[in-house]
Amino acid sequence: GSLDFIKHNNVHIQEEVKHNIDTEVEKSNSIPFLVSSDSKILGVLFFVDFPVDSTKMTINYFKSRGIKTVLLSDNKEDEVMRLQNVLLFDEFYFGDSNVLSSKMSELQSSKNIVAIGDGINDMGIIRKSNLSIAMSKENMDLALPHCEVLCMDDQLVKISEFYIAGEKIMKIIENNIELCIVANILGVSLVLFGVFNVIWALIFVCVIHIFSNMFSFLRFNSNK
């Protein structure tokens, strides 16, 4: 069990063992799990929460799109370095809330910032961004006032899916605007040249819009 659990069950922990546990926890930001028998410590397991593969894939995706990725963390230096070595952010910073808040303000002064946080302690920082996204399955009522987007999932890959869907939607909107201009010009031309009267021209333009939206909807769903 945990260190507190072991102590609560009157298992003696030698000072050297306790020192080694504290050193490893501080170094790796891990969670110790002690194994004991007959009031003796047999061994210690250290659990470390490594990021899942989809997190690295998501970061690489945004980097491939020319989007700069930055890690702001209030964890210890060793933990931040461990994450950085795995995820390879473009930039990374660590420190207390004042340091991180100052860095966020510095980043925002020259760029549009999208900030993503997965805990209540992140809300004070990410709300300084242009767009704040909270990823939380719990404490949603606490996170919602501090963010523009609430993702009811803790998988970072969802953010890249939102981005891809947003790009598709913007493309559809742009195509519809272009088609609207062309269809209206065509409808007016048909009326001016006496091919259609005004009513038939309006029907013609509406039919074009209907079929265009149907085609866009089908194409969007087929690419999901």
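This is a short talk on one predicted model of a protein chain, moving from its overall make-up to a few groups of side chains.

Let me start with the chain as a whole, since you may be seeing it for the first time. The chain has 224 residues, and 26% of them count as buried. Its secondary structure amounts to nine helices and seven strands. If you take the contacts between residues with a separation of 6 or more, 38% of them join residues that are 24 or more positions apart. As for the surface, about 15,000 Å² of the chain is exposed, and 60% of that comes from carbon and sulfur atoms.

I would like to turn now to the aromatic side chains. A search of the whole structure gives four aromatic pairs, and I will take you through two of them. In one, the rings of Tyr 61 and Phe 62 have centres 5.5 Å apart, and because their planes stand at 65°, the pair is classed as edge-to-face. In another, Phe 62 meets Tyr 163, again with ring centres 5.5 Å apart, and here the planes are at 80°, so this pair is edge-to-face too. What makes this second contact worth a pause is where its partners sit in the sequence: Phe 62 belongs to helix α3, which covers residues 53-64, while Tyr 163 belongs to helix α8, which covers residues 157-192, so that the pair links parts of the chain 101 residues apart. Together, Tyr 61, Phe 62 and Tyr 163 make up one aromatic cluster.

Which of these three rings is buried, and which are partly exposed? Phe 62 is buried, because its relative accessible area of 12% falls under the 20% limit. Tyr 61, with a relative accessible area of 21%, is partly exposed, and Tyr 163 is partly exposed as well, at 30%.

Staying with helix α3 and the loop that follows, I want to point out two threonines. Thr 55 is found in helix α3 and is buried, with a relative accessible area of 15%. Leaving aside residues up to four places away in sequence, Thr 55 touches Leu 87 and Leu 156. Thr 69 lies in the loop between α3 and β3, the strand at 70-73, and counts as buried at 9% relative accessibility. With the same sequence neighbours set aside, the residues that Thr 69 touches are Ile 59, Phe 62, Lys 63, Phe 89, Asp 90 and Glu 91, and you will recognise Phe 62 from the aromatic cluster.

Next come the charged side chains. The structure holds five salt bridges, and I will describe three of them. Glu 167 pairs with Arg 65, and the closest N and O atoms are 2.8 Å apart. This bridge also links distant parts of the chain, since Glu 167 is in helix α8 and Arg 65 is in the loop between α3 and β3, 102 residues apart. Both partners are partly exposed, Glu 167 at 31% and Arg 65 at 39%.

From the loop between α3 and β3 there is also Lys 68, whose side chain meets that of Glu 91 in a salt bridge at 2.3 Å, N to O. Because Glu 91 is in strand β4, residues 91-94, this pair ties together parts that are 23 residues apart in sequence. Lys 68 is partly exposed, with a relative accessible area of 41%.

The third bridge is formed by Lys 103 and Glu 106, with the closest N and O atoms 3.3 Å apart. Why are these two about one helical turn apart? They are separated in that way because they are three residues apart in helix α5, residues 97-108. Lys 103 counts as buried at 15% relative accessibility, whereas Glu 106 is partly exposed at 47%. Lys 103 also lies over the face of Tyr 93, at 4.2 Å from the ring centre.

Finally, please look at helix α9, which spans residues 198-222 and contains Ile 210. Ile 210 is partly exposed, with 46% relative accessibility, and is one of the residues in a nonpolar surface patch whose accessible area comes to about 910 Å² together. The other members of that patch are Val 198, Ile 199, Trp 200, Leu 202, Ile 203, Val 207, Phe 211 and Met 214.

Terms used
Residues are numbered from 1 along each chain as its sequence is written. This is a predicted model: local features need pLDDT of at least 70, side-chain atom pairs count only at pLDDT 80 or more; totals for chains, interfaces and linings use all residues. Side-chain values use heavy atoms; hydrogens and water are left out. Patches are made of residues with over 30% relative accessible area and no salt bridge: like charges are joined within 9 Å, nonpolar side chains (Val, Leu, Ile, Met, Phe, Trp, Tyr) within 5 Å. Accessible areas come from the Shrake-Rupley method with a 1.4 Å probe; for residues, only the protein chains shown count as cover. A salt bridge is a side-chain nitrogen of Lys or Arg within 4 Å of a carboxyl oxygen of Asp or Glu. Helices (H or I, at least four residues) and strands (E, at least two) are DSSP runs, numbered from the N terminus. Buried means under 20% relative accessible area, exposed over 50%, partly exposed in between (1.4 Å probe, protein chains only). Contact means heavy atoms within 4.5 Å. Rings of Phe, Tyr and Trp (its six-membered ring) pair if their centres lie within 6.5 Å; planes under 30 degrees apart count as stacked, over 60 as edge-to-face and the rest as tilted. A charge sits over a ring if NZ of Lys or CZ of Arg is within 6 Å of the ring centre and within 35 degrees of the ring normal.
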